[in-house]
Amino acid sequence: MLQILAEICLAITTYFVGRQFWQCFKRERYLQEFMADQDLLQSFISREMLDNPPPPIALFAQPNQEGYHINLIVISIADKKATRRLVGGFSAALLVVAVASCFIGPGYAMLNGILLIITRQEPICLAAKRNALDHVSGLALILYNWYAKDPSDCEQFFDQPLTLTPLYNAVKNLK
């Protein structure tokens with residue numbers, strides 16, 4: 001009876017942690033798809049949004065001596081680190097659950113593995129989408145400020161093909 005109770009707790013943990021674990025990957029995919037869709041970017045970004053950004057987003061768009069391209073790098077690195085940290089934490093929790101399930105019995109470990117696979121089937125949650133859109137907003141604000149301050153430097157930076165080009169074009173075409 002104690003084994004079954006322990007496995008129920010481990011299964012609940014697998015379900016909730018597994019959902020969050022997969023959301024990290026779905027968020028990355030959503031972000032890539034969003035950033036590649038020029039029409040979606042054009043409909044999302046507005047001059048009003050960029051003129052009145054939330055303080056956390058505005059922090060990354062402050063000018064610096066090195067240039068705005070550093071801001072793009074910093075915000076991208078911060079986003080990647082945050083995602084990796086979450087994936088690492090969720091992975092560690094899932095590993096603990098797997099080891100604990102193995103001690104209870106191999107059948108229980110297999111059940112938790114199946115449950116983890118099942119949690120992958122859930123669609124991306126609103127919080128993950130919102131987080132990805134906040135990142136897009138931060139990048140757009142940096143590009144907006146950069147283009148407003150020094151359009152020729154900004155244009156020169158985007159002469160090379162970059163993954164940010166669709167976003168840059170959306171910001172540049174704001175009316």
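**Entry 1. Lys 80 and its partner**

I began with Lys 80, which is partly exposed at a relative accessible area of 42%. The model I consulted is predicted. I then asked which side chain Lys 80 meets in a salt bridge. The partner is Glu 28, with 3.4 Å from N to O. Lys 80 belongs to helix H5 and Glu 28 to helix H1, so this pair ties together parts 52 residues apart in sequence. I recorded Glu 28 as buried, because its relative accessibility is 15% and the limit for that class is under 20%.

**Entry 2. Asp 79 and Arg 27**

I next looked up Asp 79, which forms a salt bridge with Arg 27. The closest N and O atoms of this pair are 2.5 Å apart. Asp 79 is in helix H5 and Arg 27 in helix H1, so here too parts 52 residues apart in sequence are tied together. Are Asp 79 and Arg 27 buried or exposed? I found both of them buried.

I then returned to Lys 80, in helix H5, and Glu 28, in helix H1. Salt bridges with shared partners join these two residues with Arg 27 and Asp 79 into one network.

**Entry 3. Glu 122 and Arg 19**

I counted five salt bridges in the model. One of them brings together the side chains of Glu 122 and Arg 19, at 3.0 Å from N to O. This pair links distant parts of the chain, 103 residues apart. Glu 122 sits in the loop between helix H6 (106–119) and H7, whereas Arg 19 sits in helix H1. Glu 122 has a relative accessible area of 22% and is partly exposed. Arg 19 also counts as partly exposed, at 25% relative accessibility. I noted the general principle that side chains of opposite charge can pair when their charged atoms come close.

I also checked Gln 121, which is found in the loop between H6 and H7. Gln 121 counts as exposed because its relative accessibility is 61%, and the class requires over 50%. How far apart in space are Gln 121 and Arg 19? Their C-alpha atoms are 9.0 Å apart, although the two residues are 102 apart in sequence.

**Entry 4. The largest pocket**

I turned to the largest pocket, which holds about 290 Å³ of space. Its lining includes Glu 28, Asp 79 and Lys 80, and these residues also belong to the salt-bridge network. Other lining residues that I noted are, among them, Leu 31, Met 35, Ser 76, His 135 and Thr 163.

Which helix supplies the largest share of the lining? Helix H1 does, with five residues. Helices H1 (2–36), H5 (68–104) and H7 (126–149) each supply at least two lining residues. By class, I recorded five nonpolar, four polar and three charged residues in the lining.

**Entry 5. A nonpolar surface patch**

I looked for nonpolar surface and noted a patch of about 610 Å². The patch is made by Leu 2, Ile 4, Leu 5, Ile 8, Ile 12 and Phe 16. I located Leu 5 in helix H1.

**Entry 6. Pro 166**

My last query concerned Pro 166, found in helix H9 (residues 165–172). Pro 166 counts as buried at 19% relative accessibility; the limit is under 20%. I then took the separation of Pro 166 from Cys 102. The two residues are 64 apart in sequence and 48 Å apart in space, C-alpha to C-alpha.

Technical notes:
Residues are numbered from 1 along each chain as its sequence is written. This is a predicted model: local features need pLDDT of at least 70, side-chain atom pairs count only at pLDDT 80 or more; totals for chains, interfaces and linings use all residues. Side-chain values use heavy atoms; hydrogens and water are left out. On a 1 Å grid over the protein atoms alone, a cavity is a set of points where a 1.4 Å probe fits but cannot get out, and a pocket is an open set with protein on both sides within 12 Å along at least five of seven lines; lining residues have an atom within 4 Å of a point. Grid points are joined across faces, edges and corners, and a volume is the space filled by probe spheres set on the points. Helices (H or I, at least four residues) and strands (E, at least two) are DSSP runs, numbered from the N terminus. Ala, Val, Leu, Ile, Met, Phe, Trp, Tyr, Cys and Pro count as nonpolar, Asp, Glu, Lys and Arg as charged, and the others, Gly among them, as polar. A salt bridge is a side-chain nitrogen of Lys or Arg within 4 Å of a carboxyl oxygen of Asp or Glu. Buried means under 20% relative accessible area, exposed over 50%, partly exposed in between (1.4 Å probe, protein chains only). Patches are made of residues with over 30% relative accessible area and no salt bridge: like charges are joined within 9 Å, nonpolar side chains (Val, Leu, Ile, Met, Phe, Trp, Tyr) within 5 Å. Accessible areas come from the Shrake-Rupley method with a 1.4 Å probe; for residues, only the protein chains shown count as cover.
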